[in-house]
Amino acid sequence: MSFICCSYESTSSSGTTWTVVTPITFTYTVTQTKNLLDPSNDTLLLGHIRDTQQLEAIRSSTRPLKRFIVMDEVVYNLYGSQVTDYLEARHVLYRVLPLPTTEENKSMEMALKILEEVHQFGIDRRTEPIIAIGGGVCLDIVGLAASLYRRRTPYIRVPTTLLSYIDASVGAKTGVNFANCKNKLGTYIAPVAAFLDRSFIQTIPRRHISNGLAEMLKMALMKHRGLFELLETQGQFLLDSKFQSGMVLEDDRIDPASVSTRVAIETMLEELAPNLWEDDLDRLVDFGHLISPELEMKVLPALLHGEAVNIDMAYMVYVACEMGLLTEQEKFRIVCCMLGLELPVWHQDCTFALVQKSLCDRLQHSGGLVRMPLPTGLGRAEIFNDTDEGTLFRAYEKWCDELSTGSLR
Amino acid sequence: MSHTSKISDGACDHVTEFRLVHADCTWSRQTADSERIEGQLSDAKIYESASEDGVTWTVVSPIVFTYRVIQCERLLDASNDTLLFGHISNPTELQALNNNSKVMKRFVVIDETVNDLYGSQVAAYFKARGVMYKILPLPTTEENKSMTLVTKILEEVHKFGIDRRTEPIIAIGGGVCLDITGLAASLYRRRTPYIRVPTTLLAYIDASVGAKTGVNFANCKNKLGSYIPPVAALLDRSFLCTLPRRHISNGMAEMLKMALMKHRQLFELLEKEGRHLLDSSFQTLSKIPENVHTDAASLSMRLSIETMLEELAPNLWEDDLDRLVDFGHIISPELEMKILPALLHGEAVNIDMAFMVYVAHERGFLTEEEKRRIIVCMRNLDLPVWHSDCTLDLVLKSIAERLKHSGGRLRMPLPTALGKARIFNDTEESTVCQAFKKWCDEQCETTMKPE
């Protein structure tokens, strides 16, 4: 499906110009599963294989499989022995590498550390994917390391936080921080598969569940009214039950945890799949990500990613209201929803100067347009390039005025 | 195309295919039989299936890479647009840029040696064009080809500041320079456009026309990298004037590789004119306009690039590990790294190829005469055809590594005639040993001493 166009420059004698046009197709699977670490469940080892013949061949072979696994340290403390039990029971030759995958450590150094270990262990070029088990930071770093090794090494994501379950696991981005900027280096190489087992979320602290809910809310505000209403009414329930409800099939269609995660993933995939390499810089999923990178890095580690995102979104909701895109009532409902999800809606370090700087960086970073996603109703949005400073400032004042106390006045 | 059969497994019965349509700022999925929403249709698709454990989504997303390989003259002449705009094929985009009064910015990574020779010309070009520029000279040698150098480039790029999409990083130098800069550019903001300006013959026909970028790691060649092509490779032959003779031979090894693998005419051209090309540094240009594309220098370069592009473009990300362009690259990586910096890349490649020609002859694919012709051709190009550090041990180790690295198959390209080749997986150890013995017997006394 690729071809070379060859054209001779007839007017000048300087030579030939060839234009190469090559499509590369990325295929990846996002699979919801239960009991991922139960030795009778194939998924962790074989779930990425789509070809039934290949699958059969491996299942009937006696040759032991080999796997290199990177786990977040904290996750390792909780699930490390289950993981090794699984691998032992399946007679896999393995190496499990626990690492402190925090935002502050999210650097090229850590990626290189992983690469040294992978290289020492030795894996097949194509058939022994590296497995990452942890939150977004872990998945991002391992993804980058895998992208670099032999120029492309397949890898698998197993998200263990709510945030990574619905966000980091479904896209192609990998990355590390650089020069104090979030995700300045990375690739757009998707994993071969992401395996989503909701039961990991039961050991997540409440604060981190809220953290993940912020990204869910983002998708809801941008494009799914139904999801928004579900979060409005069931937010507390989801927090209290840690997304462990509805693990039985019959409940799937109405259980809030099943429905919300499914819709969050679907909406995210809808937005990411057609724009995997960000050819188009107009992206609804950037909502909550214009100001939060600056804020998050400034007060690191005071705010979790989703918390920073929510503060950004809360402010932008005020901007939308100021521009007449949202009614007061809608604004109120959104902020109440956020508070119900126990997310911060304001922060003292989010000064107007920080807002201005972020938007200036955004302009630079996005080809001279601010490309600001703003809600235009509950569950719909548009991208704007013309928000003037006056509007931003008025919105800022109102935002501080109404929310700086931490609750709605 | 029955995509559904590929992705279904025993546990699920039904796969739904979704198209993706863009309307009202958002992407929506729709099934094939639903009422079509008006809007832009994506080439990407999502397949969904459900099992008792939950839902499985499969994303299929094609990404199109487009890049230009442009032969040009007087690249650093201020009146020549190519260095600034050569990568832009869209006339509207070009028009917009010309009308834009905003000052353009360019970040240039240049090999130290190349900088000594051409740095001032490069600076003069940008000054004359009113471009804000930063030139970063670096010692881009094989020994320095590491992530450390990549990080250095990134720090400087970040400090300088470039637009995310419209201000490509420019790399001027040999293969090592182009590889390192390409990797840095691939990583910055997850993708930053970059341009390759090769200044050696090797880079001209090899490193500039493919997608690979990379650095060495754990003492292994190119262990880390990416498959991101530049937006353009700008090929100005005049850089070769200042190239030492040894480096021209070096580049000709890769030319010869393509000739042996798939182009008899190119082989015969190198046989006949190789020495002359070497002596003239590929600068011979016919004075007769009609012959401009047919003089030996132009022709050999064009054929080398075309054959390389033919092999690389359909397999840009090496989905298929059977690659004719791997000829000369099975043993040479090990050899090259072992005695770094004694052998240049092309020299190591040629030694590998010379040995493999003996293997091909041992297997009855090449006649004695064909083998002789090839070795004589190599000698005339001043390339080494044997090396004392290329022991049988090293050969066997390299082959074992190849097996590991290539999904359990040898995938050994071997010439089956002059200008023809195939990939073989069944070369026996005894054949390798026999060929090795003959190779040493015939070549070790008469070979060039390595420097």
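Helices and strands here are DSSP runs, with at least four residues for a helix and at least two for a strand, numbered from the N terminus. Keep that in mind for what follows. The model is a predicted one.

I will start with chain B. An unreviewed UniProt entry lists residues 138-249 of chain B as "domain: 3-dehydroquinate synthase N-terminal". In the model, that span is 35% helix and 25% strand. The C-alpha atoms at its two ends are 24 Å apart.

Further along chain B there is a hairpin, made by strand 12 and strand 13, with two residues between the strands. Strand 12 covers residues 412-417 and strand 13 covers residues 420-424. How do the two pair? They run in the antiparallel sense, over five bridges. One pair to look at is Pro415(B), whose bridge partner in strand 13 is Ala421(B). In the same hairpin, Gly419(B) has a positive phi near 85°. As for exposure, strand 12 is mostly covered, with five of its six residues buried.

Next, cis peptide bonds. In chain B, one joins Leu340(B) to Pro341(B), with omega about 0°. Pro341(B) sits in the loop between helix 11, residues 332-338, and helix 12, residues 345-362. In chain A, a cis bond joins Leu300(A) to Pro301(A), again with omega about 0°. Pro301(A) belongs to the loop from helix 10, residues 292-299, to helix 11, residues 305-322.

That brings us to helix 11 of chain A. How does it pack with helix 12 of chain A, residues 328-340? The angle is about 170° and the axes are 9 Å apart. Angles over 145 degrees count as roughly antiparallel, so helix 11 of chain A is roughly antiparallel to helix 12 of chain A. On the helix 11 side, the contact includes Asn310(A), Met313(A) and Tyr318(A). On the helix 12 side, Glu328(A), Lys331(A) and Ile334(A) are among the residues involved. By class, the contact has eight nonpolar, one polar and two charged residues.

Last, two residues of chain A that are not glycine but have a positive phi. Asn35(A) has a phi of about 55°, and it lies in the loop between strand 2, residues 16-32, and helix 1, residues 43-46. Phe243(A) has a phi of about 60°. Its loop runs between helix 8, residues 225-241, and helix 9, residues 256-272. Is Phe243(A) buried or exposed? Buried means under 20% relative accessible area, and Phe243(A) has 0%, so it counts as buried.

Definitions and conventions. Residues numbered from 1 in each chain as written. Chains lettered and ligands numbered in written order. Predicted model: local features only at pLDDT ≥ 70, side-chain atom pairs only at ≥ 80, totals over all residues. Heavy atoms only, no water. UniProt positions renumbered as here; feature names shortened; annotations may be inferred. Buried < 20%, exposed > 50% of the residue type's maximum accessible area, 1.4 Å probe, protein only. Pairing = 2+ DSSP bridges. Axes fitted to C-alpha atoms, helices over the stretch in contact; angles between N-to-C directions. Parallel < 35°, antiparallel > 145°, perpendicular 65-115°, else oblique. Contact = heavy atoms within 4.5 Å. Nonpolar A, V, L, I, M, F, W, Y, C, P; charged D, E, K, R; others polar.
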